[in-house]
Amino acid sequence: QISKSSLRKSAKMSNASGKKLNVIVEGNIGSGKTTFLERFKDYSDVCVLAEPIDMWRNCNGNNLLGLMYQDSKHWSFSFQSYVMLTMVQQHTLPTPCSVKLMERSIYSARYCFVEQMKKDKIIAEPSAAVLDEWFKWSLENTKIDVDFIVYLRTSPEIVYERMQTRGREEEKKIPLGYLQDLHKVHEEWLMDKTIGHCPAPVIVIDADQDKTSICKEYEKFEVDVLKMTP
Ligand code: DCP
């Protein structure tokens, strides 16, 4: 007997235009982006690109993520330059699949993280200007397409708890205040549209919810956006 889930896994996306869809998944640290992406890993017509955190932890033997949290004034510029490079690599990676689902983007690197680091004077204005030039050049000269943004919207207090439970070594000293600041810049970029440029329609998912309720929201995304037919 063929199960419903195996049918779903082989389901073809049938978006009306037949155009390939590029979807980016955004949200605060600990908002559940990885869990959201996991759901699509077995689908034959979806290319899932998880965040290249392993590369950030090992750039020619250097843990840039760890260095950034240990001495942010010294290492944030190097770290964000490398994040932007890895994001351009993911945005431009060819795929035969109908849907490319990517964790984060060059946009959140620029409009959330670099923006906050500029505000906190962790990245000096001249260094931020260099990152901005790279950002603009990449958008103008490479093929970075975004058709939808999935925003996993959370409360900073909830993601703070999740982050502590997860216990990622590099993130041990992140204070609640940093997550509140990152929440604010995500909101300004994706909801209020007062920071930078929002490149595509935003699908908001309440990601404070427990796992069972979130799964229902995820299913709506599959049906409404990916047009998946079981
Ligand atoms: N990070 C950063 N600058 C970026 C992107 C990420 O400083 N441009 C940092 C923040 C986190 C780590 O990298 O310490 C990973 O953060 P993400 O929010 O991108 O990924 P998570 O694994 O926390 O996501 P989730 O828990 O939602 O799956």
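Four helices take part in the shell around the ligand in this predicted model. They are α2 (33-38), α4 (64-70), α5 (72-91) and α6 (106-119), and each one brings at least two residues to that shell. Counting everything around it, the ligand is surrounded by 22 residues. Thr-34, Glu-51, Tyr-69, Arg-104 and Glu-171 are the closest of these. As for where all this happens, the ligand sits in the largest pocket.

A few polar contacts to ligand oxygen atoms are worth picking out. Thr-34, already listed among the closest residues, puts a polar side-chain atom 2.7 Å from an oxygen of the ligand. With Gly-30 and Ser-31 it is the backbone that does the job: a polar backbone atom of Gly-30 is 3.1 Å from a ligand oxygen, and a backbone N or O atom of Ser-31 likewise lies 3.1 Å from an oxygen atom of the ligand. On its own the ligand has 590 Å² of accessible area, and the protein covers 98% of that.

Turning to the strands, β4 (residues 148-153) and β5 run parallel and are joined by five bridges. One named pair is Arg-153 with its bridge partner in β5, Asp-206. Strand β5 itself spans residues 202-206 and has two unlike faces, one covered and one uncovered. Ile-203 and Ile-205 make up the covered face, while Val-202, Val-204 and Asp-206 are on the uncovered one. Side chains in a regular strand alternate between the two faces of the sheet. Asp-206, then, turns up twice here: it is on the uncovered face of β5 and is the bridge partner of Arg-153.

Terms used: Residues numbered from 1 in each chain as written. Predicted model: local features only at pLDDT ≥ 70, side-chain atom pairs only at ≥ 80, totals over all residues. Heavy atoms only, no water. Buried < 20%, exposed > 50% of the residue type's maximum accessible area, 1.4 Å probe, protein only. Pairing = 2+ DSSP bridges. Near = heavy atom within 4 Å. Polar contact = N/O pair within 3.5 Å; in protein donor to acceptor, adjacent residues only side chain to side chain. Areas by Shrake-Rupley, 256 points an atom, 1.4 Å probe, with all protein chains shown as cover. 1 Å grid on protein atoms, 1.4 Å probe; cavity = no way out; pocket = protein on both sides within 12 Å on 5 of 7 lines; lining within 4 Å. Sits in = over half its atoms within 2 Å of the grid points.
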